[in-house]
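I sat down with this structure today and kept short notes on what I looked up. Here they are, in case they help you find your way around.

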Amino acid sequence: MTVKCTVLRPGMGTTVQDYPGRTGYWQIGVPPSGPMDDLSFRLGNVALGNPEGAAGFEAVMAGPALCFDEATEVCVTGAPTRVTVDGAIVPQWRPVRVPAGGVLDVGVVAGPGMRIYVLVAGGLDVPEFLGSASTFTLGRFGGHEGRALREGDALALGDAPAGPSRPVPSESVPALSVRWEIAVTEGPHGAPEFFTRTDIDTLYRTDYEVHFNSDRTGVRLTGPRPQWARTDGGEAGLHPSNIHDNAYSVGSLDFTGDTPILLGPDGPSLGGFVCPVTAVAADRWKLGQLAPGNTVRFVPVRTAHAASARELGVGRRASLPTVLSTGGDGDDGVIARRDGDTEVTYRRSGDDNVLVEYGDMSLDLGLRARVHALHQRLEQDRPAGLLDLTPGIRSLQVRIDPDVLPASTLLGLLAEVEDTIPAANELVVPSRTVRMPLSWDDPATREAIARYMHGVRADAPWCPWNIEFIRRVNGLDSVGDVFDTVFGAEYMVLGLGDVYLGAPVATPLDPRHRLVTTKYNPARTWTPENAVGIGGAYLCIYGMEGPGGYQFVGRTTQVWNHRHPQSSGPFEEGTPWLLRFFDRISWYPVDPEELLDLRADLAAGRSGGGIEIAGGTFSLADHQAFLAANDESITRFRAAQSVAFGAERGRWADAGEFQRT
């Protein structure tokens, strides 16, 4: 008979998670999820004799009350709290028995820390989604019905483990604090390219404060504003934090404008902001216990001296309240450079990621072709220890298990592969045409702007109408010209997952259609699902509701199939994401009411949502011939655009926009 536990009180934000979460889908914008404090979670499982990754509960600030229909062993770890079984107080960090019909009651956090973990013998038996039981609430999948627990929920337990249970050794219990130190490695984006030396010195000596507006996507911090080494991001945007989109690492310190955010396990996989340092994998558990008002100091460490994330005992160094270090690698996050016709820069992104970056900081499809060739070759070879590959505009992030494939060994492999990559102009790839409906200046995007003005910032240069801002910054005569440019363009998909769930980052193949804007600073706190926006020279379709920074032009139909694993309309069986790398998107106009009907039909599986897809190929050589034939008019367009961009930058400087905190 299946043993179940029933939720008498759900606690706060209590979800099902497993370890290491949902891996292998970073390149299409599906985050790993999993326990934010993996160490407390895994220690509790091991104490019960479970596999360390068995599914369990994570609660935020207040735990659940659970009734078990059969006698069950449990272990409560994480932040300190009052735990009772049928009213009798029991300890944390050691297995305790709940009798049949008994109630485990986990209280509120009663000390430092933020998250509580409840592990049960045998783990929780919930359906997997894309290979994991972890809940991603923003995506509405995984765990128990893709959401946090509610009163009355009943969850099945797995078979009890055969091995003995035992307390967590006291020397392995992580030290929680209100004044945290986190070990970080330099990079990927350091001084003097992106930040000044003073910025980096300030970063290391500042006690950043944890903002209340933090969650599993990221921990928002307050601290000094950088001076910045650049005046702007060029084609990537007006703000010096803007770069051409690349992959992020969990634990990166992401400067979204002037705001630093430590990216969490539900954070975005791809984005266009700089990250000066990255928490080492063994210290990322601390992100799950950072509470509002806590302070954080970043301590640079040498990559070779970082503890292993595989360790659960004293080798993890989690019981120490401070980070012991004599300094970082001293290389500004640049591990190596390779000269040639196309320069290659190898950047460190934590101790478990290498960001391979091609050429200058410019939008060049030839660079994306080279990224594709490297991606395909590494996917084919798949050396032991290679965990994930995530392409950006001009980069490929290679995630590794450093205990199996050290970064130094990976660099040797990358150098060998580089010698065999064919010339970029030889690239011919499958490239579908994808025609989609677009509700121009949709009411949902207007609502998002109104919310931003009311709750975040009313005086932003892009308010109250993003489309007028796009017109102004590109030197166009009317908003009708913006309409004509967007609907006349063919956008090539260069990356997926910006932001989340198969959301494309795409750019017009014809440079004369490339409208350049900047991103919101600060970012929006709410963006409607499938809003369409432009940031830098790129277009994005937001895969789900959430924060965002691109300038709105409208809204379209779904790019993620929430009916998965059922195939539906244009979605292929087995893949809930709609788009592929190198797809070419074009738009046709619909009114808001028609779009709502198309969205409803697609969500219900009744139609294809107005999406038309046809096969094809893309040849870089043919594209380069097109650019050469139209060079004169492209040059004129870019010159006029540059004048308008410079004028907008001057207005920002006069208004003190670059000095905003």
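**Entry one: a serine in a loop.** I began with Ser-165, which is partly exposed, with a relative accessible area of 30%. That value puts Ser-165 in the middle class because it is neither under 20%, which would be buried, nor over 50%, which would be exposed. I should say that I am reading a predicted model here.

Where does Ser-165 sit? I found Ser-165 in the loop between β11 (154-156) and β12 (179-186).

**Entry two: its neighbours.** Next I looked up which residues Ser-165 touches. Leaving out residues up to four places away in sequence, I noted Ala-47, Leu-48, Glu-73 and Pro-95. Ala-47 is 118 residues away from Ser-165 in sequence, yet their C-alpha atoms are 5.4 Å apart in space. With Glu-73 I also found a polar contact, side chain to side chain, at 3.1 Å.

**Entry three: a covered strand.** Then I moved on to β29, residues 504-508. Is this strand mostly covered or mostly open? It is mostly covered, with five of its five residues buried. I checked the directions too: Pro-504, Ala-506 and Pro-508 point one way, while Val-505 and Thr-507 point the other way.

**Entry four: the strand's partners.** Which strands pair with β29? One is β28 (residues 491-496), which runs antiparallel to β29 and is joined to it by five bridges. Here I saw Val-493 opposite Ala-506. Another is β32 (residues 538-541), also antiparallel, with two bridges to β29. On this side I noted Val-505 opposite Cys-540.

Terms used
Residues are numbered from 1 along each chain as its sequence is written. This is a predicted model: local features need pLDDT of at least 70, side-chain atom pairs count only at pLDDT 80 or more; totals for chains, interfaces and linings use all residues. Side-chain values use heavy atoms; hydrogens and water are left out. Buried means under 20% relative accessible area, exposed over 50%, partly exposed in between (1.4 Å probe, protein chains only). Two strands pair if DSSP finds at least two bridges between them. Contact means heavy atoms within 4.5 Å. A polar contact is a pair of N or O atoms within 3.5 Å; within protein, one must be able to donate a hydrogen and the other to accept it, and residues adjacent in sequence count only if both atoms are side-chain atoms.
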